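Colleague: Could we go through this model together? I should like to start with the core and then turn to the empty spaces.

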Amino acid sequence: MPDIFTLENKIKQIIDELKGLCQTNGLANQASEEVVITSVFLYKFLNDKFMANLKVFADEIGISYEEVLKNENAEMDAFYDTYSQNVAFTYDETIEYLINKVSYNEFYKLFDDALEKISNHTKNEVFSVETADGTRKPLFTRITENVEVSKRNNFAKNIFGIISQEKFDFGDAFKENFDFYSTIFEYLIKDYNVASGVYAEYFTPQAISAIIAKILVNMTPVEDKLYEIYDPSAGSGSLVLHLANALGKGSFGDKAQVYTQDISGKSSRFLRINMLLNGLTNSLNNIIEGDTLDIPAHYNVPHDPSSGVKRFDYITSNPPFKMDFSSTRDGIEQKWAESEERDGIRRFFAGIPKIPNAKKESMSIYLCFIQHILWSLKEDGKAAIVVPTGFITAQSGIEKTIRQTIVEKKWLKGVISMPSNIFANTGTNVSVLFIDKSNAAGDIMLIDASKLGRKVKDGKNQKTVLDEKEVKLIEDTFIHQDVIDDFSVKVSYESITEKNYSFSAGQYFEVKIEYIELSEEDFNRRMAAYAERLDKLFKEGEKLEESIKERLGELKYED
């Protein structure tokens, strides 16, 4: 049986071959390349998982999987009930069937038709992405329509030449865990998830996601119950899925019911793939594509705004920091001015950034997300929010009002200031703000991790990478409330108030002056040496002064 590294490399090879095929068909560096790569990869993964589970089911009931496929009204219904996490296929939509049809002159139509049928299968509605207006985006589109008509047949045949070589269940790949699939997912999207100033299209580094998840679940003991977790700017889902994995499983199954919203269609597609790879199909109905600030899409009763916007046990978020949202800004302010008061605050209690006359793209949209998150937490809820480090010390405006409210409400659990360039696609220094609405006692941990990590090149960018020991140091220091010189400090709400609501660890570190015991003889000897050194410097200064005057005297005026 292959080891995990061999499995990983084989799967990465499939992805690389698909990328190479796209390049030779003129799709390199186009939006359609990402759609083709991710869709074909997902089709193969789902197909191979479907077939692997089907064969197990057939063995259990004592017939061949071909016979199960033929009797869709009985055995197949029982199969779908048993393996509800499967996307529904019929045999003529599988790789096993279509590979025998590649010699057809219009094979590409068979492939596209199969993808369309899978998307339209009634059992597969849950696997589509819902938009804020209630419409749904299908699981697959007609893939070969991304290339010229004359190339489509060979394109489809070459796709099947790649995806039929090796089954995804080699070496029990389906039995691997979250860490394995999060690595595969990151490799799959790494060329297509580069921040370009477009809202929410980014990827939170695995180390940061892991640190946040570990700390959140250790704030209070995790019980054997279902927790509702949320990311209002989910991107491709790294943060919220790490948290779901950290919460683990209970006696009833997954402890996490995941809810997300994101305005980016691309990010929502990525998130769906991420959830499918990690088996979180029970939460797929909760992926919403839409503008969270304008129309939050999750309600106490699904699809019923009158029931009230939902509140959550845990919230994680790496929101976009700056963005032009001038077209919706005034509408958001008017719509939510009289929002329901929760735990003493309204939805945008500190205000919404004004529209600047110049550089509208510099509007600090993250400030709106922080307020939305605080308002959306349950009374004992916990949250982690990635913010620009400037937020934790700003002495005016919305930033300070938010921090002051967090302190006065006794909701702060701690802050970690991360190294610069921890995100390869932005030079902005970031910190992670941890909220715990039940932290009235005020055990608050501030950590300055800015000096950790090593610099590495990532394409044209430079980023900072934390090693395993550094990740563990950050996690353990926060969780165990360890005080380490020039790294971490434990503070109270009162001390934060005295420091004008600063959340920066460095402002609380003790300034230490080193004192050395000297005898009178040592003191006199040192003072004599200092005096002798000063005399020497003064004499050198006099010589330099005379030399400069002499040079000046040699200067003459010339016509």
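Modeller: The answers below take the core, one helix, the empty spaces and a loop residue in turn. This is a predicted model, in which local features need pLDDT of at least 70, side-chain atom pairs count only at pLDDT 80 or more, and totals for chains, interfaces and linings use all residues. Residues are numbered from 1 along each chain as its sequence is written, and side-chain values use heavy atoms, with hydrogens and water left out.

Colleague: How many residues has the largest nonpolar core, and which have the most contacts inside it?

Modeller: The largest nonpolar core has 162 residues, and Tyr43, Ile229, Ile416 and Phe434 have the most contacts inside it. Helix α2 (residues 31–61) gives the most to this core, with 13 residues. Such a core is a set of buried Ala, Val, Leu, Ile, Met, Phe, Trp, Tyr and Cys residues joined through side-chain atoms within 4.5 Å. Buried means under 20% relative accessible area, exposed over 50%, and partly exposed in between (1.4 Å probe, protein chains only). Helices (H or I, at least four residues) and strands (E, at least two) are DSSP runs, numbered from the N terminus.

Colleague: Where is Ile416 found?

Modeller: Ile416 is found in strand β10 (residues 412–417). Ile416 counts as buried because its relative accessible area is 0%.

Colleague: And what does Ile416 touch?

Modeller: Not counting residues up to four places away in sequence, Ile416 touches Ile211, Ile215, Val430, Ser431, Val432, Phe434, Ile447, Ala449, Ile474 and Phe478. Contact means heavy atoms within 4.5 Å.

Colleague: What about Ile229; which residues is it in contact with?

Modeller: Leaving aside neighbours within four places in sequence, the contacts of Ile229 include Val240, Leu243, Tyr259, Phe312 and Tyr314.

Colleague: Changing topic, which residues of helix α4 are buried?

Modeller: In α4 (residues 75–82), the buried residues are Met76, Phe79 and Tyr80. They cover an arc of only 95° around the axis, so they are on the same side of α4. The arc is that of the directions from the helix axis to the C-beta atoms. What covers these residues includes α2 and α3 (65–70).

Colleague: Now the pockets. What is the volume of the second largest one?

Modeller: The second largest pocket holds about 720 Å³ of space. It is lined by 28 residues, of which Lys49, Phe174, Glu176, Asn278 and Gly279 are the closest to its centre. The largest share of the lining, five residues, comes from α2. On a 1 Å grid over the protein atoms alone, a pocket is an open set of points with protein on both sides within 12 Å along at least five of seven lines, a cavity is a set of points where a 1.4 Å probe fits but cannot get out, and lining residues have an atom within 4 Å of a point. Grid points are joined across faces, edges and corners, and a volume is the space filled by probe spheres set on the points.

Colleague: How many cavities are there of 30 Å³ or more?

Modeller: The count comes to four. The second largest cavity has a volume of about 40 Å³. Phe178, Ser182, Gln206, Ser238 and Asn274 lie nearest its centre, among 10 lining residues.

Colleague: One last residue: where is Lys410 placed?

Modeller: Lys410 is in the loop between α14 (397–408) and β10. Lys410 counts as partly exposed because its relative accessibility is 31%. Leaving aside neighbours within four places in sequence, Lys410 is in contact with Asp436, Lys437, Asn439, Ala440 and Tyr493.
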